[in-house]
Amino acid sequence: MKKASGRVAFTGLLAALALSFSFLEGLIPPIPVLPPGAKLGLSNIVVLYAAGSLGLPAALFLACLKGGFALLTRGVTAGLLSISGGVLSALVMWLLLQKTRASLSLVGVCGALSHNAAQLCAAWLLTSAAVVFYLPFLVLFGVLTGLLTGLVLKLTLPPLQRIERYLLQ
Amino acid sequence: MEELTRRRLISRRDSLLLAALLCVAAGMLLVFSLLPRASTAVIEYDGNIVAEQELSALAGPKEVTVEGDGGIEVTVRLSPQGAQVIRSGCRDQVCVRTGLITRAGESVLCLPAKVSVRLTGGSGGDAQTY
């Protein structure tokens with residue numbers, strides 16, 4: 001298969017995967033103990049993989065697509081939050097993968113934290129309220145979900161690599 | 001860049017970094033819990049104050065309904081303990097799920113409605129600026 005069309009096909013596959021994850025997450029009923037609005041960030045697994053194997057443009061594309069999906073299914077506010085968090089997160093993860101030898105867990109955590117940070121800023125811009133109080137909970141939750149992201153990616157790398165190798169021959 | 005498959009899941013340095021991060025979060029929580037209890041509740045829409053209530057002046061709970069963006073109505077229950085959004089026309093209900101806030105500086109936000117409920121004040125003369 002030619003490399004260019006293979007990349008397009010693979011990116012499309014990853015996009016579908018990311019959206020499925022987003023949809024799945026939306027089905028989980030909100031748990032009262034956790035900070036409201038906190039999500040598992042499963043679709044970040046896909047963005048992390050794209051950042052590491054296809055590069056920054058692909059990762060950013062996936063982030064924007066997720067934002068568009070949130071916009072269409074959950075409204076303008078959700079779309080804005082998703083795209084601001086997603087773009088910053090994709091950028092941070094790509095930078096870490098490109099410039100450092102950080103482990104997958106750290107990259108996942110930094111991705112989750114930057115996602116949360118961008119969303120916190122967006123929330124602050126929309127309401128100018130003291131959002132600083134959400135910080136400790138977002139840090140804790142970001143670390144936990146980031147670790148989960150890194151772990152799931154590590155576990156699903158073999159099949160993903162097989163598909164990538166086949167499509168990008 | 002180092003190929004994804006060759007990256008480790010976690011390294012010693014990284015786990016120390018993460019532990020430090022968690023300590024920072026715990027520290028923040030400690031600082032927040034030491035903050036003074038609130039004295040005034042301020043409800044804002046789109047950055048403008050629409051309601052203000054001295055909490056100590058309340059004998060019991062009082063409900064205030066504010067109309068926000070997109071016609072979303074947000075109902076806030078103010079009491080001597082603090083404030084809580086008990087009902088909202090928004091889709092995600094994040095504001096309702098936030099629950100009761102009691103400390104000065106804490107806030108409940110309804111982003112789709114652009115409504116915020118903030119607690120300010122403390123033992124007289126405190127300057128709380130954000």
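Trainee: How much surface does chain B expose, and what share of it comes from carbon and sulfur atoms?
Mentor: Chain B exposes about 7000 Å², with 52% of that supplied by carbon and sulfur atoms. The areas are Shrake-Rupley values with a 1.4 Å probe, and for residues only the protein chains shown count as cover. This is a predicted model: local features need pLDDT of at least 70, side-chain atom pairs count only at pLDDT 80 or more, totals for chains, interfaces and linings use all residues, and side-chain values use heavy atoms, leaving out hydrogens and water. Residues are numbered from 1 along each chain as its sequence is written, while chains are lettered from A and ligands numbered from 1 in the order in which they are written.

Trainee: What share of the residues is buried?
Mentor: Buried residues are 40% of the 130 in chain B. Buried is under 20% relative accessible area, exposed is over 50%, and partly exposed lies in between (1.4 Å probe, protein chains only).

Trainee: And the radius of gyration of chain B?
Mentor: Chain B has 20 Å, where a compact globule of 130 residues would have a value near 14 Å. That rule is 2.2 Å times the number of residues to the power 0.38, and the radius is taken over C-alpha atoms. The C-alpha trace spans about 60 × 35 × 25 Å along its principal axes.

Trainee: In what order do the elements of chain B run?
Mentor: From the N terminus, α-β-β-β-β-β-α-β-β, with two helices and seven strands. These are DSSP runs numbered from the N terminus: helices are H or I of at least four residues, strands E of at least two.

Trainee: Strand 7 of chain B, then. Which strands pair with it?
Mentor: Strand 1 (residues 40-45) joins strand 7 through six bridges, antiparallel, and Ile43(B) stands opposite Val117(B) there. Strand 6 (residues 107-110) also pairs with strand 7 in the antiparallel sense, over four bridges, with Cys110(B) opposite Val115(B). Pairing requires at least two DSSP bridges between two strands.

Trainee: Is strand 7 mostly covered or not?
Mentor: Mostly covered: five of the six residues in 115-120 are buried.

Trainee: What about the hairpin of strands 6 and 7 in chain B?
Mentor: Four residues lie between the strands, and Lys114(B) takes a positive phi near 60°.

Trainee: Different topic. Why does Leu34(B) count as exposed?
Mentor: Because its relative accessibility is 69%. Leu34(B) lies in the loop between helix 1 (12-33) and strand 1 of chain B.
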